[in-house]
Amino acid sequence: MAAYVYQRPKLYKLQSEAFFNDFRYAWIEGSTKSGKTVSCMAWIVEQAIFLGKEGREFWWIAPISSVAAIAFNRIKRGIDPYFVRRIISSKGDEHIVLINGAVIRFKSGENADSLYGENVWAAVMDEASRMRVEAFYAIRSTLTATRGKLRLIGNVKGRKNWFYIGRRKAEAGEQGHIFRKITALDAVAAGVFPQEELDDARRALPDAVFRELYLCEPSDDGGNPFGLSFIRQNIAPLSYSAPIVFGGDLAKSVDWTVLHALDAAGFTTSNTRF
Ligand SMILES: Nc1ncnc2c1ncn2[C@@H]1O[C@H](COP(=O)(O)OP(=O)(O)O)[C@@H](O)[C@H]1O
Ligand SMILES: [Mg+2]
């Protein structure tokens, strides 16, 4: 009898590089519908096929159980039946048992305490930026004994969250971590996302929301009251005209006192003769 050959679904180059590599942790910041979930579905199934043994656990974590169930249904539909021994579809306990005994389990990250205890051989945190850091701590602990790999995928959602901080560390070259960004422009170039849809989203959504969801550019978490678009509109070459108004930020103890001079047209000027 001929041996069965596993075939990975066709992914575009950025997807394969971001997810299928030897790094233990991969942080992927991706635009909406750039193919993060589909790549991780292929990845977790592959991990379970190649590392799976009787009772070994492979986990898919989403912010809430109904989102985890979406991935369950997609994997259920997509997985080659050759690999499947049993599928359990009970609500809240969705899992797939492979012929090698590996269990791919779909869970909510809402209650981090419920994630402790198992030894997990590989895990995906889908929509990681929408989960609390406690879920990450829990998942990390389940991967300790096995030295299992973790794939963290999500949209950009401001800067003040654990996903953004983690991916910054990965980008800076933290050992064992890789960071990749996949924007809607990459997905358009790869032919999996229609340009018209991108243009429509740009028109329909507020600029800051569009930039986060489609271009992976973080907003300022409300720390900037004017919004980045106003600041962008006001960037101009430095003026040499006479200043007519000054603004001051007096430093009380830690940083610098700053004086900002504007000319009659409202541009920043370096002319200090007044
Ligand atoms: N390499 C690919 N080839 C063909 N279709 C793809 C590919 N990657 C993603 N897609 C399709 O693009 C859509 C969005 O993918 P998904 O993984 O759900 O995106 P995300 O999780 O990033 O929002 C899905 O319909 C998926 O089947
Ligand atoms: Mg997704």
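How far does a polar side-chain atom of Gln15 lie from a nitrogen atom of ligand 1? The legends below take up this point first and then move on through the predicted model.

**View 1. Gln15 beside ligand 1.** Here a polar side-chain atom of Gln15 is placed 3.0 Å from a nitrogen atom of the ligand. Gln15 also belongs to the closest residues around ligand 1, along with Lys33, Lys36, Thr37 and Val38.

**View 2. Oxygen atoms of ligand 1 and their partners Lys33 and Arg74.** Lys33 takes part through its backbone, with an N or O atom 2.7 Å from an oxygen atom of ligand 1. Arg74 uses its side chain instead, and one of its polar atoms there lies 3.0 Å from an oxygen atom of the ligand. On its own, ligand 1 has 570 Å² of accessible area, and the protein covers 71% of that.

**View 3. The shell around ligand 1 in its pocket.** Let's step back to the surroundings as a whole. Ligand 1 sits in the largest pocket, with 14 residues around it. Sorted by class, this shell has 6 polar, 4 nonpolar and 4 charged residues. Helix α2, spanning residues 36-51, gives the largest share of the shell, with 3 residues.

**View 4. The hairpin of β3 and β4.** Now for a pair of strands. Strand β3 (residues 84-88) and strand β4 (residues 95-98) run antiparallel and are joined by 4 bridges. To follow one of these pairings, start at Arg86, whose bridge partner in β4 is Val97. Between the two strands of the hairpin there are 6 residues. Look in the turn for Gly92, which has a positive phi of about 85 degrees.

How values were computed:
Residues numbered from 1 in each chain as written. Chains lettered and ligands numbered in written order. Predicted model: local features only at pLDDT ≥ 70, side-chain atom pairs only at ≥ 80, totals over all residues. Heavy atoms only, no water. Near = heavy atom within 4 Å. Polar contact = N/O pair within 3.5 Å; in protein donor to acceptor, adjacent residues only side chain to side chain. Areas by Shrake-Rupley, 256 points an atom, 1.4 Å probe, with all protein chains shown as cover. 1 Å grid on protein atoms, 1.4 Å probe; cavity = no way out; pocket = protein on both sides within 12 Å on 5 of 7 lines; lining within 4 Å. Sits in = over half its atoms within 2 Å of the grid points. Nonpolar A, V, L, I, M, F, W, Y, C, P; charged D, E, K, R; others polar. Pairing = 2+ DSSP bridges.
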